There are 2 protein chains.
Amino acid sequence: MGKVFAEISMSLDGFVAGPNPTLENPLGEGGERLHEWVIRLKSFRDAHGLSGGEAGPDDELVDEAVRATGAVVMGRRMFSGGEGPWENDPKADGWWGDEPPFHKPVFVLTHHSREPLVMEGGTTFIFVTEGLERAIVDARAAAGDKDVLVAGGASAIDQAISAGLVDELQLHLAPVLLRGGVRLFDDVGPEPPRFELTKVIASPLVTHVRYRVID
Amino acid sequence: MGKVFAEISMSLDGFVAGPNPTLENPLGEGGERLHEWVIRLKSFRDAHGLSGGEAGPDDELVDEAVRATGAVVMGRRMFSGGEGPWENDPKADGWWGDEPPFHKPVFVLTHHSREPLVMEGGTTFIFVTEGLERAIVDARAAAGDKDVLVAGGASAIDQAISAGLVDELQLHLAPVLLRGGVRLFDDVGPEPPRFELTKVIASPLVTHVRYRVID
């Protein structure tokens with residue numbers, strides 16, 4: 001059985017999205033600066049159906065994670081495009097377009113029961129109303145021997161860490177300050193786990209720090 | 001002329017001190033967990049007049065910084081022992097003991113004019129009432145060819161970054177969550193500088209990330 005891992009880009013001041021997200025800019029003001037390191041990579045462009053892109057250590061790390069991942073879990077706001085009045089629209093098809101970049105089953109946490117959405121390119125959104133633990137159980141089953149990625153947002157990752165469901169956390173530390181927005185770790189609860197550093201990979205645009213999560 | 005650098009230990013959730021600091025525990029609840037990596041080092045124990053301690057990459061990094069530093073700047077709360085009713089006591093001698101671990105001139109930001117305090121072991125506390133910029137100018141003069149360290153707390157480092165006075169910032173990222181306390185970067189102002197990663201050194205207890213600060 002694979003592991004359950006979470007990864008997310010974070011600013012030096014601890015934000016994983018900027019302030020005032022909109023449907024047009026679900027990353028919030030300045031939030032795109034967290035992802036500058038990844039959007040230029042070959043592996044990222046491949047997943048989005050684009051040619052070209054940079055190779056190197058960052059790309060190898062992303063490519064390795066993509067290959068290892070058999071299923072994804074995400075919160076409903078990450079599916080629907082950030083925090084806003086649209087997030088509870090049970091009919092929304094999300095903002096990931098016709099061919100989302102996952103190419104595997106994606107288990108979406110939601111309060112609204114609905115049929116799976118089969119998208120082009122191998123992504124199927126499966127809606128889970130029974131909570132995070134059930135979503136991870138279902139994702140594990142779908143992933144087989146591969147890993148389950150808890151992709152975000154902050155709240156879903158925090159809940160998964162808090163519930164002891166995450167084996168590995170990887171932060172992509174971007175050298176920027178956002179000064180507002182959504183923080184990781186705000187919802188980890190009163191007794192968060194311990195973290196043990198397992199790997200650091202640095203490149204000019206980002207520092208990847210990987211931790212084993214210890215209950 | 002040397003550089004002006006700031007360094008501080010920070011939790012994964014962005015805190016540089018825990019909640020509810022007291023005179024007995026100025027680091028706040030859990031704050032000592034930020035410093036576990038350093039107190040075991042030979043260089044740290046040397047500075048505190050203690051024998052023994054661990055060698056290795058963390059120790060080399062601290063030892064190198066200690067040797068390069070010619071003068072220190074700190075906020076009045078760091079001098080007097082954290083935030084609390086005692087911080088404004090103009091007669092307080094600080095909580096660093098008779099032989100503070102600096103062994104060089106330390107410029108303390110304060111609103112209260114007073115004579116320099118000459119301590120054992122080469123530390124002299126010099127009180128600066130004309131603000132941070134003046135403290136750094138004076139510290140530069142005292143440091144000669146060596147570097148000036150802005151040692152903390154968070155507010156002093158933030159102000160120095162915001163004023164464009166810091167050449168290099170080094171964060172010692174400890175793999176712990178404090179869930180409350182004092183955050184770095186809360187006071188960097190509306191237009192913080194950019195950061196360029198220059199060095200990463202990882203060890204099991206801490207990840208040192210060093211940035212050049214670009215105005």
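Q: Which residue of E4(B) stands opposite Val73(B), and how are such strands defined?
A: Strands are DSSP runs of E with at least two residues, helices are DSSP runs of H or I with at least four, and both are numbered from the N terminus. In this case Val73(B) has Phe107(B) opposite it in E4(B). This is a predicted model, in which local features need pLDDT of at least 70 and side-chain atom pairs count only at pLDDT 80 or more, while totals for chains, interfaces and linings use all residues. Residues are numbered from 1 along each chain as its sequence is written, and chains are lettered from A and ligands numbered from 1 in the order in which they are written.

Q: How many bridges join E3(B) to strand E7 of chain B, and in what sense does E3(B) pair with strand E4 of chain B?
A: Two strands pair if DSSP finds at least two bridges between them. E3(B) is joined to strand E7 (residues 147-152) of chain B by five bridges, the two strands running parallel, and in E7(B) the residue bridged to Ala71(B) is Val148(B). With strand E4 (residues 105-109) of chain B, E3(B) pairs over three bridges, again in the parallel sense, and here Val72(B) has Val106(B) as its bridge partner in E4(B).

Q: Is strand E3 of chain B mostly covered or mostly uncovered?
A: A residue is called buried if 20 or more other C-beta atoms lie within 10 Å of its own, exposed if 12 or fewer do, and partly exposed in between, with the C-beta atoms placed from the backbone. By that criterion, five of the six residues of strand E3 (residues 69-74) of chain B are buried, and the strand is mostly covered. As a general point, side chains in a regular strand alternate between the two faces of the sheet.

Q: What is the strand order of the open sheet in chain B, and which strands stand at its edges?
A: The nine strands of this open sheet follow the order E5-E6-E4-E3-E7-E1-E8-E11-E10 in chain B, with mixed pairing. Strand E5 (117-118) and E10 of chain B each have a single partner strand, so one side of each is left without a neighbour in the sheet.

Q: Which strands of chain B do helices H3 and H6 touch?
A: Residues are in contact if their C-beta atoms, placed from the backbone, lie within 7 Å; axes are lines fitted to C-alpha atoms, for helices over the stretch in contact, and angles run from 0 to 180 degrees between N-to-C directions. Helix H3 (residues 57-68) of chain B packs on the sheet and touches strand E1 (4-11), E3, E7, E10 and E11 of chain B, its direction making about 130° with that of E10(B). Helix H6 (residues 154-162) of chain B also packs on the sheet, where it touches E1, E3, E4, E7, strand E8 (168-174) and E11 of chain B, at about 130° to the direction of E7(B). H6(B) is largely enclosed by the rest of the structure, because seven of its nine residues are buried; among them are Ala154(B), Ile157(B) and Ile161(B). After H6(B) comes Gly164(B), with a positive phi near 70°.

Q: Where do the buried residues of H3(A) lie around its axis?
A: The arc is that of the directions from the helix axis to the C-beta atoms. In H3(A) the buried residues are Asp58(A), Asp59(A), Leu61(A) and Val62(A). They cover an arc of only 160° around the axis, which puts them on the same side of H3(A). The face turned away from that buried side carries the exposed residues Pro57(A), Glu64(A) and Arg67(A). The cover over the buried residues of H3(A) includes helix H1 (36-39), helix H2 (42-47), strand E10 (194-203) and strand E11 (206-214) of chain A.

Q: How many residues does each chain give to the contact between chain A and chain B?
A: Chain B gives 19 residues and chain A gives 19 residues. On the side of chain B that touches chain A, strand E10 (194-203) and strand E11 (206-214) of chain B are the elements that give two or more residues, and the largest share, five residues, comes from E10(B). For classes, Ala, Val, Leu, Ile, Met, Phe, Trp, Tyr, Cys and Pro count as nonpolar, Asp, Glu, Lys and Arg as charged, and the others, Gly among them, as polar. That side of chain B has 14 nonpolar, two polar and three charged residues.

Note on methods: Contact = placed C-beta atoms within 7 Å.
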